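Biologist: Got a minute? I'd like to go through this one with you, pockets and rings.

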Amino acid sequence: MNILFVGDVVGQNACRELTAALPSLKRQYGIDATIVNGENSADGNGITPFSSSLLLDGGADAITTGNHCYRRPEMDALYESSGVIIRPANLGNGCPGKGYCLLDFGSHSLAVINLIGTAFMQPVENPFFYADKILEVIDTPNIIVDFHAEATSEKKALGWYLAGRASAVIGTHTHVQTADECILEEHTGYITDAGMTGVQESVLGIDKDVIISRLTTYYPQRHTYARGATTINAVVLEIDQKTGVCRSIKRICQ
């Protein structure tokens with residue numbers, strides 16, 4: 001089973017660029033399932049029903065999110081009704097939605113878990129303990145974890161913590177693709193950050209002049225998305241669907 005995991009998509013134009021490229025990416029890598037982090041997919045921050053529909057209609061099978069998941073209140077009902085749009089599980093049980101989903105392919109299934117880090121983020125429950133709780137109730141060896149976190153050490157630690165128990169632990173949030181893809185304990189694919197799908201000539205997807213002005217004048221600036229050529233950052237995972245073992249992990253930057 002080949003899985004495409006796409007790093008944080010920034011803005012609706014990036015959604016459209018990604019979905020235009022998905023058919024050829026799926027053919028090239030023989031993709032069976034596509035997971036997209038869409039927490040920044042809406043224009044103006046966060047995710048909306050419209051931006052999520054762009055991704056799902058364009059070929060995503062599941063959407064993960066992160067610290068901006070509740071930026072738009074109109075998403076609350078969709079988190080409750082959708083079976084494939086998830087939010088970080090360790091935000092707590094009182095929040096709308098679920099922290100994992102199960103994709104059924106008939107002969108096999110794929111679990112997608114969303115967690116958020118604790119370092120330099122808002123107060124949340126312990127992601128390590130929530131990972132344990134979810135793994136207890138998931139009945140498939142094929143498990144992909146999106147760990148939306150700031151600190152590289154926390155991401156790496158969760159990778160080792162879940163080594164041998166998850167098929168892959170993929171970091172998101174920093175919008176910069178790292179070059180440390182590997183397979184932990186001959187089982188779990190890992191990368192500290194899958195990167196960003198957005199305008200390359202930007203500061204994490206935002207117009208570079210806006211960010212430079214804010215950092216040089218300290219005057220508040222309204223963030224506007226950059227315009228220009230879009231770069232797609234992603235990883236392709238080859239998973240043994242019977243055992244959940246990750247056979248290979250490959251970075252994509254195009």
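Modeller: Sure. This is a predicted model. Let's begin with the second largest pocket, which holds about 190 Å³ of space.

Biologist: Which residues line the second largest pocket?

Modeller: The lining is Arg-87, Ala-89, Asn-93, Gly-97, Lys-98, Gly-99, Tyr-100, Tyr-130, Lys-133, Ile-134 and Val-137.

Biologist: And which helix gives the most to that lining?

Modeller: Helix 4 does, with four residues.

Biologist: How many of the lining residues are nonpolar, polar and charged?

Modeller: Five are nonpolar, three are polar and three are charged.

Biologist: Where does Lys-98 lie relative to Tyr-100?

Modeller: Lys-98 sits over the face of the Tyr-100 ring, 4.6 Å from the ring centre. Both residues are in the lining of the second largest pocket.

Biologist: Okay, now the largest pocket. How much space lies in it?

Modeller: About 770 Å³. Its lining has 33 residues.

Biologist: Which ones lie nearest the centre of the largest pocket?

Modeller: Val-10, Gly-205, Ile-206, His-223 and Tyr-225.

Biologist: Which elements give two or more residues to the lining?

Modeller: Helix 1 (12-29), strand 11 (196-199) and helix 6 (208-217). Helix 1 has the largest share, four residues.

Biologist: What about the classes in the lining of the largest pocket?

Modeller: There are 17 polar residues, nine nonpolar and seven charged.

Biologist: Switching topic. How many aromatic pairs are there?

Modeller: Two. One is Tyr-70 with Tyr-79: the ring centres are 5.5 Å apart and the planes are at 75°, so the pair is edge-to-face.

Biologist: Why does 75° make it edge-to-face?

Modeller: Because planes over 60 degrees apart count as edge-to-face.

Biologist: Are those two tyrosines buried or exposed?

Modeller: Tyr-79 is buried, with a relative accessible area of 1%. Tyr-70 is partly exposed, at 26%.

Biologist: And the other pair?

Modeller: That is Phe-128 with Tyr-161. Their ring centres are 5.2 Å apart and their planes are at 75°, so this pair is edge-to-face too. The pair links distant parts of the chain, 33 residues apart. Phe-128 is in helix 4 (residues 127-137) and Tyr-161 is in helix 5 (residues 152-161).

Biologist: Why is Phe-128 called buried at 18%?

Modeller: Because buried means under 20% relative accessible area, and Phe-128 has 18%. Tyr-161, at 33%, is partly exposed.

Biologist: Which residue lies over the face of Tyr-161?

Modeller: Arg-165 does, at 4.9 Å from the ring centre.

Notes:
Residues are numbered from 1 along each chain as its sequence is written. This is a predicted model: local features need pLDDT of at least 70, side-chain atom pairs count only at pLDDT 80 or more; totals for chains, interfaces and linings use all residues. Side-chain values use heavy atoms; hydrogens and water are left out. Rings of Phe, Tyr and Trp (its six-membered ring) pair if their centres lie within 6.5 Å; planes under 30 degrees apart count as stacked, over 60 as edge-to-face and the rest as tilted. Buried means under 20% relative accessible area, exposed over 50%, partly exposed in between (1.4 Å probe, protein chains only). A charge sits over a ring if NZ of Lys or CZ of Arg is within 6 Å of the ring centre and within 35 degrees of the ring normal. On a 1 Å grid over the protein atoms alone, a cavity is a set of points where a 1.4 Å probe fits but cannot get out, and a pocket is an open set with protein on both sides within 12 Å along at least five of seven lines; lining residues have an atom within 4 Å of a point. Grid points are joined across faces, edges and corners, and a volume is the space filled by probe spheres set on the points. Ala, Val, Leu, Ile, Met, Phe, Trp, Tyr, Cys and Pro count as nonpolar, Asp, Glu, Lys and Arg as charged, and the others, Gly among them, as polar.
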